[in-house]
Amino acid sequence: MSETQSEPAVWSPLDLRREHLLNNLVVLVALLFWGRVLLYALNQEVPRAKYGAVFLAGGVLIYVLDEIRGLERGQWLERLGLWACAIIGVAVPAYVWLHYDVLETQRIGYALGYEYAIGGLFAIVVLYLTYRAFGAAFAGVVIASILYAFYGNQITGLLGHGGIGIRQIINVLTMEFDGFFGSITQIVAAWVALFLLYAGLMRGYGAFQLIMRLSFRTAKFLRSGVAQSAVISSLIVGSINGAQTANAAMTGSFTIPLMKESGMKADSAGGIEAVASSGGQIMPPVMGAAAFVMASLIPGIGYVDVLIAGIIPALVFYISVAIGVHYMSIKQLPEGGVDLEQRIEDLEEGYHPVIEAIRFGVPFAVLLYTLGIAQWTVISSALYTCAAMVLTGAGLPIVLSVVDDDEGVGETTLDALKNTISGFKFGAVTLAPIAIIIAAVNGIVDLLNATGLPGKLSLALVGVAGGVLLFTAILSMVVCLVLGLGMPTVAAYTIVALLIAPTLTGEFAIPALAAHFFVFYAAILSGITPPIAIAVVVTTGIAESNFWKTALEALKLGLPLFVLPFTFIYNPEIVTGGFDLATAGSGLIVLLGAVAITHGLNCAPQPFGIPSPLSYSARVAYVALGVFAMVWPATMFRVGAVALALVLIALQTQVTRDTGFGPVAEGE
C-alpha cells in the first residue's frame with residue numbers, strides 16, 4: 001500500500017491534462033464518498049449490510065482511479081483492465097444495493113443465473129485488486145481458501161470436508177451479505193472509516209509536520225535522541241493510521257535518513273523504524289482497524305474494553321523498544337550527531353505552539369471524552385472528532401487571519417479549504433486499499449467457516465501439542481506468524497483470530513480477551529518476521545540497506561516483543577484486569593523482564609573487554625531471567641527473576657566502572 005505513484009519519464013501536455021483530470025476525479029469521488037459516509041454516520045438510514053455494499057464500491061473506485069493516475073503513458077492494456085475493474089467494482093455492489101430486500105430476505109442460499117456470472121466477475125476484480133495492492137502472497141491466501149472450499153471432498157483426514165460447489169462459493173462471496181459484504185466490511189465501513197478521515201484531516205492540516213518537529217526537539221536531550229525520534233513519531237502517527245507499511249513510509253522517510261546522517265548503520269536504521277512502525281497500531285485510543293474487529297468478535301466486549309486492555313501492553317511494547325533503541329544508538333552514534341535545529345527549521349513551520357496545541361489537542365480531547373468518558377457509540381465519537389478537527393484545523397487559521405491585519409482572510413480561507421480537501425483525499429486514498437483487503441478477508445473468513453476449518457484446526461493443534469498449553473501456545477504463535485506474512489495487521493489478525501483463538505479459549509479456558517491479544521500481537525510481529533517482513537521491506541527501500549541484515553536488526557530489537565504475547569496466556573490479568581494497581585504492577589514486572597532481555601542482547605559483559613565464552617553465558621542468563629519474569633505464572637518467582645537481573649546489571653555496571661573496561665559491541 002504505497003503512497004507514491006510511478007510517474008511518466010517525460011510529461012507531455014496531454015499527460016499533464018490527463019493527470020490533472022484524473023487527480024480532480026479522485027478528489028471529486030473522494031468528496032462524494034466521504035459525503036456518503038458522513039450521511040450514514042449522521043442518521044444511519046439504511047441497514048449496515050446495505051451500506052457496506054456502497055462503501056465497498058466507493059473504495060474500489062477510489063483505488064482504481066488512483067492507480068490509473070499513476071500509470072505511465074503507453075500502458076493501455078493495464079489502463080483498460082483497471083477501467084473494467086472500476087465498472088464492475090461499482091456495478092455489482094450497486095446491483096446488490098438495489099436488490100437488497102430480495103437478496104436478504106427471499107433469495108437466501110441460491111442466486112439467478114446471471115447473478116452467478118456478475119458475482120464471479122466481481123470476485124475476480126476483488127482478487128486482482130488484492131494482488132495489485134498487497135502482492136501475490138495475500139492473493140495466494142484468497143485463492144487457496146477458494147480451492148480448499150471447492151476441493152474439500154478430495155482431502156482425507158481431519159481437514160477434509162464435503163466440498164462446496166463453485167456456484168455456492170460465488171453466492172457466499174458476492175450475492176449474500178456475508179463474504180465480501182460481510183460483517184468485517186461493515187465494521188470498517190461504519191467505525192474505522194471515520195477514523196481514517198480523522199487521520200487524513202490531521203495530515204492535511206499539518207499535524208504530521210508538528211509531530212516530526214516535536215520528535216526532533218525531544219531528540220536533542222538524549223544521545224540516542226535521533227533514533228528515538230523514530231519511536232516517538234511512529235507511536236503517535238501509527239496510533240491514528242494503524243497501518244505498519246503506511247507508518248513506516250510516512251515517518252521513515254524522515255527518520256531513517258536522519259539516523260543514517262547521524263552515523264547509524266543503514267541496517268540498524270531500517271530495523272528500528274520497522275519495529276517502531278509496527279507498534280503504533282497497538283497504542284490506544286484508536287489502535288487501527290484491528291481493535292474494532294476484536295471488539296466485534298468477542299461477545300460481551302466493547303471497543304472501550306479493548307482500549308483499556310491495550311494500554312499496559314502498548315506501554316511495555318514502546319518502552320522496551322525505546323530502551324533497545326538506546327542500547328543500539330550508544331554503540332553507533334557519535335557524540336554531537338546532526339544539527340537537529342536545522343532539521344526542525346527544514347520542516348514547514350506552523351503556528352505558535354499554543355495554537356497548534358488547540359488545533360490538534362481539542363479534537364483529540366473530544367475523542368477521549370466521547371469514547372472513554374461519555375461512552376458514546378464509536379460512530380458518534382468518530383463523527384464529532386472529525387467535526388472538531390475541521391472546526392479547529394480550518395477555523396482557527398481563519399479566525400487568526402481576521403485578527404492579523406498582515407494576512408488576507410480570503411487567502412487564508414482558500415488555504416484552509418485546500419487543506420481540508422487534501423485531508424479528505426488522503427483519507428480516502430488511504431482507506432481504499434484497506435476496504436479491498438477487508439472484503440477479501442471477509443470472503444476468506446466466511447468460506448473457511450463454511451468448511452468447519454476453525455474447529456478442525458483447533459483439534460489438530462491440540463493433538464500435535466499433546467494437550468500441553470506451552471506447546472500449543474508456541475505452535476499457535478508459529479501459525480500466526482506464518483498466516484500473517486505479507487498481510488496488513490487487520491487482515492492477519494482477523495484470520496488468526498478465526499483459526500487460532502478458539503483453540504486457546506475452548507481447550508485451555510484462556511480468557512477470550514487474552515487469547516485475542518495473543519494472536520493480535522503475533523499478527524503484528526509477522527510484519528518484521530522474515531522471509532516477507534512487510535514493514536522491513538518498506539524501511540529497507542528507504543534505508544537502501546540489505547533486507548536480511550535489516551530484518552536481523554529488527555528481530556534483535558523486537559525479541560522481547562515475541563515473548564510478550566505469552567504473557568497474555570500465563571498472566572492474563574495484564575489485559576483482563578482493567579487498569580488498576582495489580583495490573584500496573586504485573587505490567588512493571590513484564591517491562592523489567594523485557595529490559596533484562598534487551599540488556600542481555602546488547603550489553604552483556606566481556607571480561608576486560610575481551611570476547612569470551614563467559615559473555616555468551618551472561619547473555620543467556622539475562623535473556624532467561626527476562627523470559628521468566630515476563631511469562632512465569634507465579635508472581636513471587638517473577639519478582640525474584642527481576643530482582644536477580646537488576647542485581648546482576650548493577651554489579652556489571654560497577655565492575656565496568658572499576659576496571660575501566662566497557663562491554664564490547666557485538667561484531668566489533
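Phenylalanine 471 counts as partly exposed, because its relative accessibility is 46%, a value that falls between the 20% limit for buried and the 50% limit for exposed. This is a predicted model, so everything below describes computed features of that prediction. Phenylalanine 471 sits in helix α19, which covers residues 469–483. The residue also helps build a nonpolar surface patch of about 490 Å², together with Val468, Leu470, Ile474, Val478 and Val482.

**The overall picture**

What is the chain made of in terms of helices and strands? It has 28 helices and zero strands. Of its 668 residues, 55% count as buried. The chain exposes about 26,600 Å², and carbon and sulfur atoms supply 68% of that area. As for how the fold is wired, take the contacts with a separation of 6 or more: 76% of them are between residues 24 or more positions apart.

**The nonpolar cores**

In soluble globular proteins, nonpolar side chains tend to be buried together. Here, the largest nonpolar core has 201 residues, and the ones with the most contacts inside it are Phe138, Phe517 and Phe520. Helix α17 (residues 409–451) gives the largest share of this core, 18 residues. There's also a second, separate core of seven residues, with Ala596, Ala641, Val642 and Ala645 among them.

Let's zoom in on phenylalanine 520. Which residues does it touch, once neighbours within four places in sequence are set aside? The list is Gln281, Ile282, Met287, Ala290, Met294, Thr489 and Tyr493.

**Helix α18 and its surroundings**

Helix α18 runs over residues 453–465, 13 residues in all. From its first C-alpha to its last it reaches 18 Å, close to the 18 Å expected at 1.5 Å a residue. Its buried residues are Leu453, Pro454, Lys456, Leu457, Ser458, Leu461, Val462 and Ala465. So there's a lysine in that buried set, Lys456, alongside residues such as Leu457 and Val462. The cover over these buried residues includes α5 (113–150), α17, α19, α20 (489–499) and α21 (501–508). That brings back two helices already met: α17, with the largest share of the main core, and α19, where phenylalanine 471 lies. Just after α18, glycine 466 takes a positive phi of about 70°.

**Salt bridges**

How many salt bridges does the structure hold? There are eight. Three pairs are set out here with the distance between their closest N and O atoms.

| Pair | Closest N and O atoms |
|---|---|
| Arginine 359 and glutamate 356 | 3.5 Å |
| Lysine 556 and glutamate 553 | 3.8 Å |
| Glutamate 573 and arginine 638 | 3.9 Å |

The 359/356 pair lies in helix α15 (residues 353–373), and because the two residues are three apart, they are separated by about one helical turn. An α-helix has 3.6 residues a turn, so residues three or four places apart point the same way. Arginine 359 is buried, with a relative accessible area of 4%, and glutamate 356 is buried with 4% as well.

Lysine 556 and glutamate 553 are also three residues apart, in helix α24 (residues 547–570), about one turn of the helix. Lysine 556 counts as partly exposed at 27% relative accessibility, whereas glutamate 553 is buried at 11%.

The bridge between glutamate 573 and arginine 638 links distant parts of the chain: the glutamate is in helix α25 (residues 573–576), the arginine in helix α28 (residues 635–659), and they are 65 residues apart. Glutamate 573 counts as partly exposed at 28% relative accessibility, while arginine 638 is buried, with a relative accessible area of 1%.

Elsewhere, Glu67, Glu78 and Arg132 are linked in a network of salt bridges.

**A buried threonine**

Is threonine 251 buried or exposed? With a relative accessible area of 0%, it is buried. Threonine 251 has its place in helix α10 (residues 244–262). Apart from neighbours within four places in sequence, threonine 251 is in contact with Phe208, Ser233, Ser234, Val237, Glu273 and Ser277. One of these, serine 277, is 26 residues away from threonine 251 in sequence and 8.1 Å away in space, C-alpha to C-alpha.

Key. Residues numbered from 1 in each chain as written. Predicted model: local features only at pLDDT ≥ 70, side-chain atom pairs only at ≥ 80, totals over all residues. Heavy atoms only, no water. Patch = residues over 30% accessible without salt bridge, like charges linked within 9 Å, V, L, I, M, F, W, Y side chains within 5 Å. Areas by Shrake-Rupley, 256 points an atom, 1.4 Å probe, with all protein chains shown as cover. Salt bridge = Lys/Arg side-chain N within 4 Å of Asp/Glu carboxyl O. Helix = DSSP H or I, 4+ residues; strand = E, 2+ residues; numbered from the N terminus. Buried < 20%, exposed > 50% of the residue type's maximum accessible area, 1.4 Å probe, protein only. Core = buried A, V, L, I, M, F, W, Y, C linked by side-chain atoms within 4.5 Å. Contact = heavy atoms within 4.5 Å. Expected span 1.5 Å × (residues − 1).
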